[in-house]
Amino acid sequence: MKRITSGYAVWMIVIGLAICFLLFRSGLDFDYVIPKRCSRLVAMLIGGACVAWSSIVFQTITGNRILTPATMGYEAVYLLFQSLLILVIGTQSLVVLGANGNFLLSIGLMLGYSWVIHRWLFREGQHDVYLLLLLGLVLTMVISTFTLFVQFQVSPGEFSVLLGFSQASFGKAEPEQLLLALMLVGAVWMVASKTLPTLDVLSLGREQAVSLGVDYQRSVRLYLALIAVLVAVSTSLLGPTAFMGIFVANTSYALAGSFKHRVTLATGCAIAVGIFILAQLAVEHIFNYRTTVGILVNLVCGVWFLALMMRKRGTT
């Protein structure tokens, strides 16, 4: 009962923040200001759900609370793609492809990248998750280095455009993108909601899951595919979020008081959405757009991550 009350309390706080975001200094302008804010709020809801769900499930599969899907290199592939577009086509790529074309191509590229590495490492009955993580870390470093090389080849004006892609932002989401993202996230949730008990068993570890009758290899491949879809959607829609997944997942465990994914996933979504709303309110009304949501989120979550590591080191 206490866990349920805690979950409801988090969602009530998020609803209050959402109302504040929509109405604060809006002048009750239902013709322009509030509709624009509604669009950004929907982007926050989608992005928050993607970040929370993908991070918590990824940590369950890997059995590690300091890892996020970013270690697999999805965000690095996204930034490399944007850099290559600017290098080859220039800023005209924004016109040639359009926001929707860029969105769809980014999702397709990241899903293709995920399919290749999963197909390669999980062939012939192999299921080495740690080898997958190692490969992801190496590919992230290699791709990031090549991305920096590409970025040095563009002009200062084009580089400023690339900076916009490297920071999380809710203002660039178009209604068509939001609709497509909602459809993809809804499809993922329909598949995942039927297998939440299996996910609870996977959290016990590979040996225990196999002994309880879970098809470990099939389950891991399924969840990695779903994670790839969510990361592709959130990164293409908002941009990279780096350390946010670690913060959201660990805070969700602490507040939920349970490791059942039915509870932690719902709480994590609320926490992620609340962080996005607070960051956007700070950008608009405190910093007057002199910073970005991505910078604030990465700064706060990065500092929290370092504090968590130092605290654990001090207790060992």
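This report walks through some helices, their packing and a few single residues in a predicted model.

**Helix 11**

Let us start with helix 11, which covers residues 216-237. How far apart are the end C-alpha atoms of helix 11? They are 31 Å apart. With 1.5 Å for each residue, a helix of 22 residues should span 32 Å, so the value found in the model agrees with the expected one. Is helix 11 mostly covered or mostly uncovered? Helix 11 is mostly covered, with 18 of its 22 residues buried. Just after this helix comes Gly-239, which takes a positive phi of about 115°.

**How helices pack**

Two packed helices can be described by two things: the angle between their axes and the distance between those axes. Here are three pairs to look at in the structure.

| Helix pair | Angle between axes | Distance between axes | Handedness of crossing |
|---|---|---|---|
| Helix 8 and helix 11 | about 160° | 10 Å | left-handed |
| Helix 3 and helix 11 | roughly 40° | within 10 Å | right-handed |
| Helix 12 and helix 13 | roughly 125° | within 8 Å | right-handed |

Take helix 8 (residues 175-193) and helix 11 to begin with: their axes are 10 Å apart and make an angle of about 160°. That makes helix 8 roughly antiparallel to helix 11, because angles over 145 degrees count as roughly antiparallel. Which residues of helix 8 meet helix 11? They are Gln-177, Leu-178, Ala-181, Leu-184, Val-185, Val-188, Val-191 and Ala-192. On the other side, helix 11 contributes Leu-222, Leu-226, Val-229, Leu-230, Val-233 and Leu-237. Sorted by class, this contact of helix 8 with helix 11 has 13 nonpolar residues, one polar residue and no charged residues.

Helix 3 (residues 74-88) also packs against helix 11, and their axes cross at roughly 40°. At that angle, helix 3 is oblique to helix 11. In this contact, Tyr-74, Glu-75 and Tyr-78 come from helix 3, while Leu-224, Ala-228, Val-231, Thr-235 and Ser-236 come from helix 11. By class, the contact of helix 3 with helix 11 has five nonpolar, two polar and one charged residues.

The third pair is helix 12 (residues 244-256) and helix 13, whose axes cross at roughly 125°. Helix 12 and helix 13 are therefore oblique to each other. From helix 12, the contact uses Met-244, Phe-247, Val-248, Thr-251, Ser-252, Tyr-253, Leu-255 and Ala-256. From helix 13, it uses Val-263, Thr-264, Thr-267, Gly-268, Ile-271, Ala-272, Ile-275 and Phe-276. The classes in this contact of helix 12 with helix 13 are eleven nonpolar, five polar and no charged residues.

**Buried residues to find**

Glu-75 lies in helix 3. Is Glu-75 buried or exposed? Its relative accessibility is 14%, so Glu-75 counts as buried. Leaving aside neighbours within four places in sequence, Glu-75 is in contact with Ala-70, Thr-235, Pro-240, Thr-241 and Ala-242. Thr-235 is one of the helix 11 residues in the contact with helix 3.

Gln-151 is found in helix 6 (residues 129-151). Gln-151 counts as buried because its relative accessibility is 18%, and buried means under 20%. Not counting residues up to four places away in sequence, Gln-151 touches Ser-83, Phe-159 and Leu-162.

**An exposed isoleucine**

Ile-13 belongs to helix 1 (residues 2-23). At 56% relative accessibility, Ile-13 counts as exposed. How many residues separate Ile-13 from Ile-271 in sequence? The two are 258 residues apart in sequence, but 9.5 Å apart in space from C-alpha to C-alpha. Ile-271 is among the helix 13 residues that make the contact with helix 12.

**A loop with positive phi values**

Finally, look at the loop between helix 13 (261-285) and helix 14 (293-315), where you will find Asn-288. Asn-288 is not a glycine, yet it has a positive phi of about 50°. With a relative accessibility of 49%, Asn-288 counts as partly exposed. Tyr-289 sits in the loop between helix 13 and helix 14 as well. Phi of Tyr-289 is near 65°, again a positive value in a residue other than glycine. Tyr-289 is exposed, with a relative accessible area of 53%.

Note on methods. Residues are numbered from 1 along each chain as its sequence is written. This is a predicted model: local features need pLDDT of at least 70, side-chain atom pairs count only at pLDDT 80 or more; totals for chains, interfaces and linings use all residues. Side-chain values use heavy atoms; hydrogens and water are left out. Helices (H or I, at least four residues) and strands (E, at least two) are DSSP runs, numbered from the N terminus. The expected span of a helix is 1.5 Å times one less than its number of residues. Buried means under 20% relative accessible area, exposed over 50%, partly exposed in between (1.4 Å probe, protein chains only). Axes are lines fitted to C-alpha atoms, for helices over the stretch in contact, and angles run from 0 to 180 degrees between N-to-C directions. Angles under 35 degrees count as roughly parallel, over 145 as roughly antiparallel, 65 to 115 as roughly perpendicular and the rest as oblique. A crossing is left-handed if the near helix is turned anticlockwise from the far one by less than a right angle, and right-handed if clockwise. Contact means heavy atoms within 4.5 Å. Ala, Val, Leu, Ile, Met, Phe, Trp, Tyr, Cys and Pro count as nonpolar, Asp, Glu, Lys and Arg as charged, and the others, Gly among them, as polar.
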